[in-house]
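User: Please take me through this model step by step, since I am new to reading structures. I would like each answer to end on what I asked for.

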Amino acid sequence: MNNINYDKEFTKTIEGMPDKPTLLLHVCCAPCSTYCLTQLVEHFDVTMLYLNDNIQPQEEWNKRLMEVKRLVEIVNNGQFDVKPSFPLKLIVKPYDSNAFDNGAGKLGAMPEGGIRCNSCIADRLLQSVNYAKQNNFRYVTTTLTVSPYKNAQFINQTGQRLAPDNWLCTDFKKRNGYVKSIQLSQKYKLYRQHYCGCNYSLSDSEGANNVTGKS
């Protein structure tokens, strides 16, 4: 597998755009979205898509959604670090944990970052790409590449396979993107979860905390 610098690919796209096209941005949570939005809202007409059936329990899904909505208000009220070229919009897919349980969840307690996670990510990308195509978005991408625990090669190659003409390549963790997302989350007092989303990642996180003595 050839390693491609997707951050450079993103920069090339930005520099080559004659206008500010529409972009559907799949978002996993508010903290990860912060830095990504600093890179996007000046250059695109951004619509965020909260599509995360993997998040368990539903109370956690609700909590993360409320923080995403609060971030949208921060951006649109002029309190964000970067002024958007267009009002930031948000679309929410209704919660359906069965969609995860009957799909990636069937793979069970696989190691974090393995086949279960890749299946979960691929499914969310597929749904995001389909929505983007059905609603005539010029570009589609995800905030997931900001995480150091997510494989940007896999995410971008999957996105390019699903939407070869519409996928926006990114690697938001580059240029200290993840660290900056933490700093921005602290600045805006956003809730930062301690696990990725599903019950398996929650169990892994709780096990790690017990091993290290963290509460």
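**Reading the predicted model**

User: Which word fits Lys-189 at 67% relative accessibility, buried or exposed?
Analyst: Lys-189 has a relative accessibility of 67%, and a residue is called buried under 20% relative accessible area, exposed over 50% and partly exposed in between, using a 1.4 Å probe and protein chains only. This is a predicted model, in which local features need pLDDT (the predictor's confidence in each residue, from 0 to 100) of at least 70 and side-chain atom pairs count only at 80 or more, while totals for chains, interfaces and linings use all residues. Residues are numbered from 1 along each chain as its sequence is written, and side-chain values use heavy atoms, with hydrogens and water left out. Because its value is 67%, Lys-189 counts as exposed.

User: What is the average pLDDT of the protein chain?
Analyst: In this model, 90% of the residues score at least 70, although over residues 208-215 the pLDDT is below 50. Taken over the protein chain, the average pLDDT is 91.

User: Which helix gives the largest share of the largest nonpolar core?
Analyst: A nonpolar core is a set of buried Ala, Val, Leu, Ile, Met, Phe, Trp, Tyr and Cys residues joined through side-chain atoms within 4.5 Å, and the largest one here has 54 residues. Leu-37, Phe-44 and Trp-167 are among the members that touch the most others. Helices (H or I, at least four residues) and strands (E, at least two) are DSSP runs numbered from the N terminus, and the largest share, seven residues, comes from helix 3.

User: How is helix 2 oriented relative to helix 3?
Analyst: The axes, which are lines fitted to C-alpha atoms over the stretch in contact, lie 9 Å apart at an angle of about 30 degrees, where angles run from 0 to 180 degrees between N-to-C directions. Angles under 35 degrees count as roughly parallel, over 145 as roughly antiparallel, 65 to 115 as roughly perpendicular and the rest as oblique. The orientation of helix 2 to helix 3 is therefore roughly parallel.

User: How far from the sulfur of Cys-117 is the nearest cysteine sulfur?
Analyst: A disulfide is a pair of cysteine sulfur atoms within 2.5 Å, and the structure holds zero of them. Cys-117 is in no disulfide, and the nearest cysteine sulfur belongs to Cys-196, at a distance of 6.2 Å.

User: Which residue does the cis peptide bond from Gln-56 lead to?
Analyst: In general, most peptide bonds are trans. Here the bond is cis, with omega near -5 degrees, and it runs from Gln-56 to Pro-57.

Technical notes:
Contact = heavy atoms within 4.5 Å.
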